[in-house]
Amino acid sequence: MNEAVHTSSEFAQRVFSGIQPSGGLTLGNYLGAMKRFVDMQNEGSFETVYCMVDLHAITVWQDPEKLRHATRELCAGFIAAGIDPNQSILFNQSQAPEHAQLAWIFNCVARMGWMQRMTQWKDKAGKNQQNASLGLFAYPALMAADILIYHATHVPVGEDQKQHLELTRDVAIKFNHDYGIDFFPITEPVIEGTATRVMSLRDGSKKMSKSDPSDASRINMTDDTDTIAKKIRKAKTDPDALPSEEQGLEGRPEARNLINIYSALAEQPVGTVLRDFGGKQFSEFKPALSELAVEKLAPISMEMARLMLDSVEIDRILSHGAEQARAIATPILKKTYDIVGMISSN
Ligand code: AQP
């Protein structure tokens with residue numbers, strides 16, 4: 001048996017990442033993931049494949065009409081943020097059935113113990129695990145399939161997805177080992193920048209999330225100027241002035257979060273932001289943050305609204321993207337079936 005493991009450098013440089021249409025896009029999704037997606041597309045050294053992961057979204061209940069709307073709106077968000085469907089492959093997961101087909105194989109590779117250790121499973125299933133869907137438990141195996149069906153070498157994500165990417169690597173290593181073949185790459189996570197974990201505006205210990213019941217906890221990419229300003233004005237803070245040095249943010253999660261958001265939006269290091277605002281009160285910092293957020297986000301939300309006027313065009317982009325995605329995925333699935341021992345028709 002050949003036990004050598006190929007590193008991602010031996011495969012063509014290909015990026016894959018996805019976002020769930022489980023609600024509206026948040027500032028966390030934008031800064032933690034989408035902004036990186038655009039950078040990696042524009043760097044030009046990767047083939048970039050981006051996906052609306054609708055099969056992941058239904059691991060918790062989704063109203064069918066809202067899911068369709070959220071998928072189209074997410075597609076509009078990708079394009080408005082700078083993803084060019086002529087440069088990147090842009091599609092929704094359910095239109096490429098190879099994801100689910102490879103996920104079944106990976107359900108048979110991954111171990112129950114691996115899944116039980118996943119913190120997202122524990123957080124989302126909560127105390128009532130017996131009532132959670134089987135899909136929610138198997139979520140990381142589908143995510144491994146999303147990535148490996150393209151032999152993707154790099155996956156830009158927020159910090160919360162780090163553990164799932166480690167599991168993707170474990171699935172690839174185990175598959176390669178079990179079948180004695182170096183077939184799947186060992187994917188590199190790309191978790192970079194000052195906003196890899198944007199926190200709730202109401203609680204600095206909780207991640208900003210599209211499914212948080214409190215709308216005030218997040219900035220939605222569709223929020224208007226007044227709503228953004230109001231949410232930032234009401235964001236939880238502490239009574240102290242801002243520090244001039246980064247160490248001064250220790251033990252101040254809400255202050256750190258707002259500074260990180262400013263730093264990511266302004267594309268300035270945290271040290272530079274603190275040099276400008278150190279010693280100032282939040283009453284002075286928050287209006288500056290609102291102004292910056294509106295300046296950066298308003299053009300994106302306006303473009304999203306414009307694109308949403310033509311849902312036929314959005315659906316066309318998604319089905320064209322799915323064709324391109326399947327052109328890569330189909331031969332990889334076929335080869336996987338062959339490795340596993342399935343008889344195929346040709
Ligand atoms: N708060 C965040 N800060 C930085 N990055 C984030 N991401 C999500 N929230 C933050 C990153 O966005 C990408 C897409 O995430 P997802 O939609 O697949 O699922 P999620 O991580 O579970 O995001 P949400 O918003 O919290 O969705 P719900 O509420 O439906 O669970 C990922 O790269 C993620 O890291």
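Student: In this predicted model, which helix gives the most to the lining of the second largest pocket?

Tutor: Helix H4 (98-107), helix H5 (112-116) and H7 each supply at least two residues of the lining of the second largest pocket, and so the choice has to be made by the size of each contribution, a lining residue being one with an atom within 4 Å of a pocket point. With 6 residues, the element that gives the most to this lining is H7.

Student: How many residues of the lining of the second largest pocket are nonpolar?

Tutor: The second largest pocket holds about 390 Å³ of space, and among the 16 residues that line this pocket, those closest to its centre are Asn107, Leu134, Gly135, Ala138 and Tyr139. When the lining is divided by class, 1 residue is charged and 3 are polar, while the number of nonpolar residues is 12.

Student: Which element supplies the largest share of the lining of the largest pocket?

Tutor: The largest pocket has a volume of about 1,100 Å³, and among the elements that each supply at least two residues of its lining are strand E1 (14-19), helix H6 (119-125) and strand E4 (154-156). The largest share of that lining amounts to 5 residues, and the element they come from is H1.

Student: Which residues are the closest to the centre of the largest pocket?

Tutor: The lining of the largest pocket has 17 nonpolar, 18 polar and 10 charged residues. Of the 45 residues that line this pocket, the closest to its centre are Gln120, Lys124, Asp160, Gln161 and Lys207.

Note on methods: Residues numbered from 1 in each chain as written. Predicted model: local features only at pLDDT ≥ 70, side-chain atom pairs only at ≥ 80, totals over all residues. Heavy atoms only, no water. 1 Å grid on protein atoms, 1.4 Å probe; cavity = no way out; pocket = protein on both sides within 12 Å on 5 of 7 lines; lining within 4 Å. Points joined across faces, edges and corners; volume = space filled by probe spheres on them. Helix = DSSP H or I, 4+ residues; strand = E, 2+ residues; numbered from the N terminus. Nonpolar A, V, L, I, M, F, W, Y, C, P; charged D, E, K, R; others polar.
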